[in-house]
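This report concerns the enclosed cavities of a protein model and one of its helices.

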Amino acid sequence: MKRRDVLKAGAAGALMPGFAIGQQAKVIKFVPQADLALLDPVQTTGLVTRNHAMMVFDTLYGMDNQFQPQPQMVGGHQVGDDGKTWTLTLRDKLVFHDGTPVLARDAVASIERWAKVDVLGQLMRAQLDELSAPSDKTLRFRFKKPFPLLPLALSKTSGMCPIMPARLAATEPSVQVTEMVGSGPFRFVSGERVPGSRVVYQKFAGYVPRDGAPAFTSGAKIAYVDRVEWHTIPDAATAAAALQSGEVDWWEQPIPDLIPVLRGHKDINVQVHDKAGSMAMIRFNQLNAPFDKPAVRRALLAGITQSDYMMAAMGEDKLRWRDNVGFFLPGTPYANDGGMASLTSARSLDKVKKDLAAAGYKGEKVVMLVPTDFAVLNAMSEVAGDFFKRVGINLDYQSLDWGTVLQRLASKQPIDKGGWSLFCNFVPGIITTSPPLHTYMRGVGAKGTFGWPESAKHEALLDSFFSAAALPEQQRLAREMQLQAFQDVPYIPTGLMLQPAAYRKSLSGMLDGSPLFHNIKKA
């Protein structure tokens, strides 16, 4: 029997042990892409943590469906001193889940904590003369020079700036905040969390939604359900069966083999809500040999076939993925063909072997971190692992759970002390729409995102981008950045994924973008 047939049979018959079929009318049961291992969105860029944080925390600015920042916790702002001074005013009656009012000093402390680790936040911080709270409702930013990116920085959805009480924001970013007190539409129920199995949220009665139609993370965030439960189900057949039987309402990332089964069910919708998709990659740790050498990283490009990774992760239906993808999201103003011959010319494993030898690779061990409980990443890792072995990489393929992978990724240690060399990853397409948002291209070394690439040339091009007044000049610079990226290789792009979600037709009002639980009604 083929693997696909086994999955289909399991999807039709398996049920989750311990789940009651009946459920309350206003409870959403959700199957996330992986377990929620880390709670603090400042400490990790993991998307499971980001999705959790979007429920618990609100942000000063949200992002609309056109990826433009809009005031969220902020009622409005004023810009003065030729663009160097921003004064933000909080909306009325904002309150945290612990019953305390949201004050400007809480926002200041939250921004300061976030800006220590986020790459765009660090850029903002470097240009600040002063960040203060002149009153309980006003924040003041005084910059050394005009900083028009402030709303964009504070509206980010990956590497978000969550607003929390100042007492929690006083925690160093290297230490995880585990007391989840935000001011978002749902509150975290810590007493019901079962690591590896369940996470629970309840509607926050004190949430004050802003005016305006909801769009992505902007506008009115109204919770129409009383409770949201996340149930971690690593086995795909079990998750599919639970969705079909009505034991769960929503499966974030159904695997490709089971999508036809789910699409044929009369009570299930299968639809792509994140129209920007996810940009897949192989990310290197550039602190450890052999990937501290750009030539070694470049040598691998000649053997990468993006469609192999996309079919492994998303199946054969090309409506769900794109190959021949560079560093910027296809179809957006900064997408370009600079350096694309590195990925689209004739593929040759022999060339990779010769180029690795010429680059000085001498058989150093390479530690690859593989989350076996994260279906998409596990599938891409199998393709990558096979490729690395075929070109002669001395591969230590470490099969782990996603929570352990996230913790290991923070390590800057050598591989013999728990460090790592590479892993397969994907990031929200939205962050690859423009150079300022694209943290994975940044070359700021140890201050950057895990992998810690360093590129003075990229940073110089980015500085020029900020000064460029017109779109054609910005597009020229974006092309130069992509050309440079194919020299530096901060990561290898492996395609664009358009992941459908599967959910019961009893749910309505689902917004485009990442999994968001406000605005959803349950019949």
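The two largest cavities are described below, followed by helix α13.

The model is predicted: local features need pLDDT of at least 70, side-chain atom pairs count only at pLDDT 80 or more, and totals for chains, interfaces and linings use all residues. Residues are numbered from 1 along each chain as its sequence is written, and side-chain values use heavy atoms, with hydrogens and water left out.

A cavity is a set of points, on a 1 Å grid over the protein atoms alone, where a 1.4 Å probe fits but cannot get out; lining residues have an atom within 4 Å of a point. Grid points are joined across faces, edges and corners, and a volume is the space filled by probe spheres set on the points. By this rule there are nine cavities of 30 Å³ or more.

| Cavity | Volume | Lining |
|---|---|---|
| Largest | about 280 Å³ | 23 residues |
| Second largest | about 130 Å³ | 17 residues |

Glu252, Asp274, Gly513, Ser514 and Pro515 lie nearest the centre of the largest cavity. α2 gives the most to its lining, with three residues. In the second largest cavity, the residues nearest the centre are Thr45, Gly46, Leu47, Asn425 and Phe426, and β17 gives the most to the lining, with five residues. Helices (H or I, at least four residues) and strands (E, at least two) are DSSP runs, numbered from the N terminus.

Helix α13 covers residues 375–390; at 1.5 Å a residue, its 16 residues should span 22 Å, which agrees with the 23 Å between its end C-alpha atoms. Just after α13, glycine 392 takes a positive phi of about 95 degrees.

Terms used: The expected span of a helix is 1.5 Å times one less than its number of residues. On a 1 Å grid over the protein atoms alone, a cavity is a set of points where a 1.4 Å probe fits but cannot get out, and a pocket is an open set with protein on both sides within 12 Å along at least five of seven lines; lining residues have an atom within 4 Å of a point.
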